[in-house]
Amino acid sequence: MGGNVAVPVIQDERIGETGRVRRRRFLDMSDVRIFSTSLTAPAQFVLLFIIMFPLLAEVYISLTSWTPTRGGDWTQAYRFWDWGRNYVEVFRDIAFWQALGRTFLIAGVAVALEFLLGLGIAFLFLEEFPGKRIFYTLMLVPMMIVPAVAGYVFWLFFQSNGPLNAIISLLIGQPFTLTWLANDVTAMIAVIVAEVWEWTPLMFLIMLSGLVGLPEDQMRAATMLGATAWQKFRYLVLPILKPIIIIAVVIRGMEAVKIFDMVYLMTQGGPAQATETISIYMYKVAFQQVRWSFAAAAAMTILVIMTIIASYALRPLQTPQREIG
Amino acid sequence: MQKTPTWQRVVRYALVIIVVGMFTFPTYWMVTMAFKPKVEWSTAHGTIYWVPKNPTLENFDTVLTEYRGQFFRANQSSALPSIRSSIIVSIGGTLFALLIGTLAAYGLSRFSVDTGDLPWYVALGRLALLILVLLPFMVLWAWLGIIRYWYGILTFTILGIAADQLIGRLLGRIYRGPTGSLAFSILQLRMFPPMAIVIPVMIMWSAFKLIDTWYGLVAVYGVVTFPFVVWLMKSFFDEIPRELDEAAIVDGASNWGAFLKVVLPLAKGGLASTALFVFILNWSDFLIALLLTTRDWPTIPVFLNSLVSSEIGAQHGPKAALGLLAVIPPVVFGILIQRYLVRGLTFGAIKR
């Protein structure tokens, strides 16, 4: 078998020598055509059905200055039509750009830490040791815990009279009462710690599976030729693991930029705006300040930004990956 | 393999214990808190109990049995309705996503000629065209006052889908490249924070009277998670040689027969791991359930968030107990399909 990603498969008789689809005749009712359409049609229809109205309603609201507090329901928003004022405001809103930057900062730091920790721990688990099975299972548990619960546990954890401060007090031998979540930098650290805790196990699982599948004879040959551990890692392990690393990092990154639960439960974006990610920002604008038209404009801006980023971020996944193991 | 020196093994072992200990401690804290009586979990006294001194089941009792007027913000007096809601909604959403996602994945695996490498300016250009065409209709529908009702939204949506298909065809004539493959646009959807689109979805859902119903939530969960199903299942289908489909068809099976009786049974391991992954996603969702449910169908995370008592504030113990109960379904599901776990959780990145 070849790569696992979209090698064009040519079976459809409409496809000519060049591999390009010939112009479809009106109502081309060949068996294969009907079959392939009926396979993808339900998904496409459901997707369009659910996306179409919300998308256009969002654009419509974003072009007005309507909010629920200005009277009338949203359908009457055309009375407050004001073209692109909201978009100008979004561009001028420092909090929006800060939230966007913060989101990528949290996602970047968290994913990098998850990757390094995951790889490191995976190396620890390469050889046999007593109780390996149990440690392995314990390592995977955080993934199974609902983020809403995890966020809550970490909120308790970082309280000034919580277990973390108690442990630090024990270690340094004097009372330590830092209110982690009330300080800009430490609140950020707390959020990242919670995120890393929840998702490092996934990285660990991926990396361990990759490491176990390494070709053993090549490793042995490298050892016999006198390669150091670092050389083996740099020139043998890393290139072989590369496709897996790319997939893991991209997938985690995609999920990390949507971070909401942890932040919402631990800090609500605070203190002030110190941990406000883009999802929290949207939540505040829409449900606390009730500026719906502004929120809609911000959402459309995010849609554009994310589409551009996604088309580059997902590119590594489109090229065929080498199989491992 | 040569033997690793003893000191190295000792250091490695110590490291394993420290690291795993650090990763287990929050879990340990939650588990022990679930069994602590009120004096021990309440932080008011400033004493920290590392191990529950008088283990008790009273927290589970508090959460699971009816409580008269104790809970302050919780709309339900016991967690049982939210557990039922979580189970129904997560399983329903998973089945829905599996149904439409698996069909699409098979279609993309066998018939797609689109490699899915869609430049962003084409995607956004197509979107802009669509908006340009449909916005006047949106205003018209609003002016007529029918967009407020379900039939207004329905007619508008049908018009929109027709316009989208038309624009796709037109673009296909002008731009000689992929103009929007399902596979790629599906994946792009995953990066988009659901928070951003949730207001109009709420508007639409309330027009269709879908707010706070299990089927309303199932529909959203299905749509939010089916990109994963498509991607994962496609990687499984790609591995099954297409000669098998052809052989079945030569033997007299129909297209559907070849798919349902030959290919799908071969991919059932993949289906199981995909199901687990999607189930975990649905099970742990907080945001969507928070905004689309109110009284009748809050899921476990939503109920947890509202679990506050009028007397002593946040209910740490009962919350931990419910959190512990919420771990059970994914773990049981995970153990059942252990063999396929890695593949599913790694998004098909690892082929074993």
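Which residues in helix 1 of chain A meet which residues in helix 4 of chain B? On the chain A side they are A:Ser36, A:Leu39, A:Thr40, A:Pro42, A:Ala43 and A:Val46, and on the chain B side they are B:Ile100, B:Gly101, B:Leu103, B:Ala104, B:Tyr106, B:Gly107, B:Leu108 and B:Phe111. By class, this helix-to-helix contact has 10 nonpolar, 4 polar and no charged residues, where Ala, Val, Leu, Ile, Met, Phe, Trp, Tyr, Cys and Pro count as nonpolar, Asp, Glu, Lys and Arg as charged, and the others, Gly among them, as polar.

This is a predicted model, in which local features need pLDDT of at least 70 and side-chain atom pairs count only at pLDDT 80 or more, while totals for chains, interfaces and linings use all residues. Residues are numbered from 1 along each chain as its sequence is written, and chains are lettered from A and ligands numbered from 1 in the order in which they are written.

**The two chains together**

Across the interface, 95 residues of chain A are in contact with 99 residues of chain B, two residues being in contact if their C-beta atoms, placed from the backbone, lie within 7 Å. Helix 1 (residues 31-62) of chain A supplies the largest share of the side that touches chain B, namely 21 residues; helices (H or I, at least four residues) and strands (E, at least two) are DSSP runs numbered from the N terminus. The side of chain A that touches chain B has 72 nonpolar, 15 polar and 8 charged residues.

Two packed helices are described by the angle between their axes and the distance between the axes. Helix 1 of chain A and helix 4 (residues 80-111) of chain B pack at an angle of about 135°, with their axes 8 Å apart; axes are lines fitted to C-alpha atoms, for helices over the stretch in contact, and angles run from 0 to 180 degrees between N-to-C directions. That angle makes helix 1 of chain A oblique to helix 4 of chain B, since angles under 35 degrees count as roughly parallel, over 145 as roughly antiparallel, 65 to 115 as roughly perpendicular and the rest as oblique. The crossing of helix 1 of chain A and helix 4 of chain B is left-handed, a term used if the near helix is turned anticlockwise from the far one by less than a right angle, with right-handed used if clockwise.

**Each chain in turn**

Chain A has 13 helices and 0 strands, whereas chain B has 16 helices and 2 strands. A residue is buried if 20 or more other C-beta atoms lie within 10 Å of its own, exposed if 12 or fewer, and partly exposed in between, with C-beta atoms placed from the backbone. Buried residues make up 44% of the 325 residues in chain A and 45% of the 352 residues in chain B. Among contacts in chain A between residues at least 6 apart in sequence, 68% join residues at least 24 apart; in chain B, residues 24 or more positions apart account for 75% of the contacts with a separation of 6 or more.

Chain B is divided into domain 1 (6-56), domain 2 (57-116 + 181-352) and domain 3 (118-178), with bounds that come from an automatic or database domain assignment. Between domain 1 and domain 2 of chain B, 10 residues of the former are in contact with 10 residues of the latter. On the domain 1 side, helix 1 (6-35) and helix 2 (38-41) of chain B are the elements that give two or more residues, and the largest share, 4 residues, comes from helix 1 of chain B. The residues of that side divide into 6 nonpolar, 2 polar and 2 charged.

**Local features**

In helix 6 (residues 163-172) of chain A, A:Pro163, A:Leu164 and A:Asn165 are buried, and what covers the buried residues of this helix includes helix 5 (147-157) of chain A together with helix 1 of chain B. Just after helix 6 of chain A, A:Gly173 takes a positive phi of about 80°. Two residues of chain A that are not glycines also have a positive phi, as tabulated here.

| Residue | Phi | Loop in chain A | C-beta neighbours within 10 Å |
|---|---|---|---|
| A:Ala272 | about 50° | between helix 10 (261-266) and helix 11 (278-288) | 9, exposed |
| A:Val290 | about 50° | between helix 11 and helix 12 (292-313) | 12, exposed |

In chain B, B:Asn54 lies in the loop between helix 2 and helix 3 (58-64), and B:Asn54 counts as exposed because it has 10 C-beta neighbours inside 10 Å. The C-alpha atoms of B:Asn54 and B:Leu154, 100 residues apart along the chain, are separated by 59 Å.
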